[in-house]
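Dear colleague,

I am handing over a structure that I would like you to look at, and you will find it directly below. My notes on what was found in it follow.

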Amino acid sequence: LDGLIKNYGRYFSELIGVCAQLYEAVALEAEANYPDPLLSALTDGCVQNRRDRACGAIYNTVTVETFGLVNTCDAISAINELVFNRKKYTLEQLITAVKSNYEGYDELYFDILNCTKYGMGNSDSDLIMKALCEEISIACKNISHGNRYYLPSLHTLDVNIGYGKGLYATL
């Protein structure tokens, strides 16, 4: 389980690194071609630095949305319960079932549905969520630099509904 969570952390770090590079390019583009003089005048540091708020603010926070974090926690909880603890399935069996959208894997599908989920007061799921949040926090801290602070957002917005409608099978 610890190895799985550490691998998640490495994957998240790589992904957030790519996103940060894209964000930096967009911020420079915004400063050069779409400045916001009023907002910049009201933002600490911009007038002194003679830069737009996209790059000149003393504190420039970038929100890192964590859509799907509960799904991720539930998936890792299911792996922990069914593969590591009960040893009822292998990880390869779970992956194969997900790739086939559980067609022909009814028993496994119902076993996953019956696993404990985050928010049900289960200490194992709570500890998994805590570990995931720590990995996300470390990744965000590692890419923060200068006046730019990448901060994870752990709340749910209503746009997750639209994303969820197109979501493929998960654990």
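To start with the pockets, α5 and α7 (106–113) each supply at least two residues of the lining of the second largest pocket. Please bear in mind throughout that this is a predicted model. Of those two helices, α7 provides the largest share of that lining, namely three residues. The full lining of the second largest pocket consists of N71, D74, Y102, Y109, I112, L113, K117, T170 and L171, and these residues divide into five nonpolar, two polar and two charged. The space in this second largest pocket comes to about 190 Å³.

The largest pocket holds about 1,500 Å³ of space. Its lining is made up of 43 residues, and those closest to the centre of the pocket are F67, G68, L69, N71 and T72. The elements that contribute two or more residues to this lining are α1 (2–33), β1 (60–65), α5 (69–85), α6 (91–99), α8 and α9 (159–165), with α1 giving the most, ten residues. As to character, the lining of the largest pocket divides into 31 nonpolar residues, eleven polar and one charged. You may like to note that N71 appears both among the residues closest to the centre of the largest pocket and in the lining of the second largest pocket.

The strand β1 can be described by its two faces, of which the covered one carries N60, V62 and V64, while the uncovered one carries T61, T63 and E65. This strand runs parallel to β2 (residues 148–153), to which it is joined by six bridges. On the covered face of β1, V64 stands opposite P152 in β2.

The beginning of α8 also repays a careful look. N122 lies in the loop between α7 and α8, and a polar atom of the N122 side chain is 2.8 Å from the backbone nitrogen of D124, while the same side chain reaches the backbone nitrogen of S125 at 2.9 Å. S125 itself is found in helix α8, which spans residues 123–143. Because its relative accessibility is 1%, S125 counts as buried. The side chain of S125 makes a polar contact of 3.1 Å with the side chain of S77, and, leaving aside neighbours within four places in sequence, S125 is in contact with C73, S77, T116, K117 and Y118. One of these partners, K117, is also a lining residue of the second largest pocket.

Two loop residues deserve a check of their backbone. Most residues other than glycine have a negative phi. K87, however, has a phi near 55°, a positive value in a residue other than glycine, and K87 is placed in the loop between α5 and α6. Since its relative accessibility is 62%, K87 counts as exposed. N101 likewise has a positive phi, near 55°, and is found in the loop between α6 and α7. With a relative accessible area of 48%, N101 is partly exposed.

Finally, there are two leucines whose surroundings I would mention together. L4 is placed in helix α1 and, with a relative accessible area of 26%, is partly exposed. Leaving aside neighbours within four places in sequence, L4 is in contact with I76, I79 and F84. L4 and I79 are 75 residues apart in sequence, and their C-alpha atoms are 9.6 Å apart in space. L91, which is found in helix α6, is also partly exposed, with a relative accessible area of 31%. Beyond its neighbours within four places in sequence, L91 is in contact with I79 and V83, and I79 is thus a partner of L91 as well as of L4. Between L91 and Y102, which are eleven residues apart in sequence, the C-alpha to C-alpha distance is 14 Å; Y102 is one of the residues lining the second largest pocket.

With best regards

Technical notes: Residues are numbered from 1 along each chain as its sequence is written. This is a predicted model: local features need pLDDT of at least 70, side-chain atom pairs count only at pLDDT 80 or more; totals for chains, interfaces and linings use all residues. Side-chain values use heavy atoms; hydrogens and water are left out. Helices (H or I, at least four residues) and strands (E, at least two) are DSSP runs, numbered from the N terminus. Buried means under 20% relative accessible area, exposed over 50%, partly exposed in between (1.4 Å probe, protein chains only). A polar contact is a pair of N or O atoms within 3.5 Å; within protein, one must be able to donate a hydrogen and the other to accept it, and residues adjacent in sequence count only if both atoms are side-chain atoms. Contact means heavy atoms within 4.5 Å. On a 1 Å grid over the protein atoms alone, a cavity is a set of points where a 1.4 Å probe fits but cannot get out, and a pocket is an open set with protein on both sides within 12 Å along at least five of seven lines; lining residues have an atom within 4 Å of a point. Grid points are joined across faces, edges and corners, and a volume is the space filled by probe spheres set on the points. Ala, Val, Leu, Ile, Met, Phe, Trp, Tyr, Cys and Pro count as nonpolar, Asp, Glu, Lys and Arg as charged, and the others, Gly among them, as polar. Two strands pair if DSSP finds at least two bridges between them.
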